[in-house]
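Here are a few short exercises on backbone geometry and helix packing. Keep your viewer open and try each task before reading its solution.

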Amino acid sequence: LMENNQATILEPKLAIIDDHHHLIGSDSHSYTLEDYQKDCAGGHKIVGSVYIEVRQRYYNEGPSFLRPIGETEFVAGLYDTIASGGQNLCQGIIGYADLELGQKIGDALDAHIEAGKGKFKGIRRGLYWSGDQAVYDHVSIRPRAELMLDRNFRSGFAQLQPRGLTFDAVLFHPQLTELANLAKSFPDTIIVLNHVGFKLGVGRYLNDREQVFKEWRNGLKLVSDCPNVMVKIGGLGMKIWGFGVENNKEDHKKLAGAWREVIETGIELFGVDRCLFESNYPVDGATTTFNSLWNALKFITRNYSNDEKEKLYFGNTNRVYGLGL
């Protein structure tokens, strides 16, 4: 008998580049390349992927601003293992750099590019900041407020575009106006907004959900007015959204019901040419499974044209990150 979830893969022939996933090697929480390969072999047609930094595998010595290169080197070094598994994964690598170090961060960017052997595509520097302590039960990184407006940060940020690198922005919805300011100041730098702008659903953000939705949508609209910003659609499996769907991990229709309004708003504001679909695995495993999250996305876009689906699931990611697939 076919396994249940095998039988319920929607549109199994739709080619997908998963533009946002991690590999995690810590003792407390492990998600290896093998784990990811197994998920990708579960029925959805994952034909490529972009690895996103998780602040690990850093070098143990040398100047601290160069230590993150270790992560890029590690992922680039998985190539032979990946090829022997017959899967085409991790063609893009997004690394970490302390952009607030200003111009000297250029040396780190060059070292990332060299270590990445053609796969290094850009930087992600967590920008999360919130005045609500409840938020930090969910997020471990806490840079200072208004980092995107900081002069040194901007001087480091200016080093990306001349090297053909993108910037993945991960932040909370109240910071979207700040991101719009950054995007307007650097119109030639490609910025990829993570997780549909991260509408908070914990702490005081539970009090007036309608008001929070309005604030998030207004911020997202400002950002979408900047043509150099793309948006990743996904990351909705994290508990910080407050969807409360933990007990329905396998039920893609329940997931789709909870996520639909956020996803449709993102696509409406940015248009199908600037949206990239992501798994955010294993993080989204908090309230989903790998198969059900892709099923939920496919269920929401089931009436889109083939051309639109090709862009959302494959073409846009291929273009924005220059994967050449």
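## Exercise 1: Two unusual backbone angles

Phe198 sits in the loop that links strand 8 (191-193) to helix 8 (209-224). The model is a predicted one.

**Task.** Is Phe198 buried or exposed?

**Solution.** Start with the backbone: Phe198 is not a glycine, yet its phi is positive, about 50°. Next, look at the side: the relative accessible area of Phe198 is 1%, and buried means under 20%, so Phe198 is buried.

Now turn to Lys117, in the loop between helix 5 (105-115) and strand 6 (120-124). Lys117 also has a positive phi of about 50° without being a glycine. Its relative accessible area is 65%, and exposed means over 50%, so Lys117 is exposed.

## Exercise 2: The length and sides of helix 8

**Task.** What should the 16 residues of helix 8 span at 1.5 Å a residue? Then find where its buried residues lie.

**Solution.** First, the expected span is 22 Å, and the end C-alpha atoms of helix 8 are 22 Å apart, which agrees.

Second, list the buried residues of helix 8: Val212, Phe213, Trp216, Gly219, Leu220, Val223 and Ser224. They cover an arc of only 135° around the axis, so they lie on the same side of helix 8. An α-helix has 3.6 residues a turn, so residues three or four places apart point the same way.

Third, check the neighbours: these buried residues pack against helix 7 (176-185), strand 8, strand 9 (229-233) and helix 9 (252-270). The face turned away from the buried side carries exposed Glu210 and Lys214.

Definitions and conventions: Residues numbered from 1 in each chain as written. Predicted model: local features only at pLDDT ≥ 70, side-chain atom pairs only at ≥ 80, totals over all residues. Heavy atoms only, no water. Helix = DSSP H or I, 4+ residues; strand = E, 2+ residues; numbered from the N terminus. Buried < 20%, exposed > 50% of the residue type's maximum accessible area, 1.4 Å probe, protein only. Expected span 1.5 Å × (residues − 1). Arc of directions from axis to C-beta. Contact = heavy atoms within 4.5 Å.
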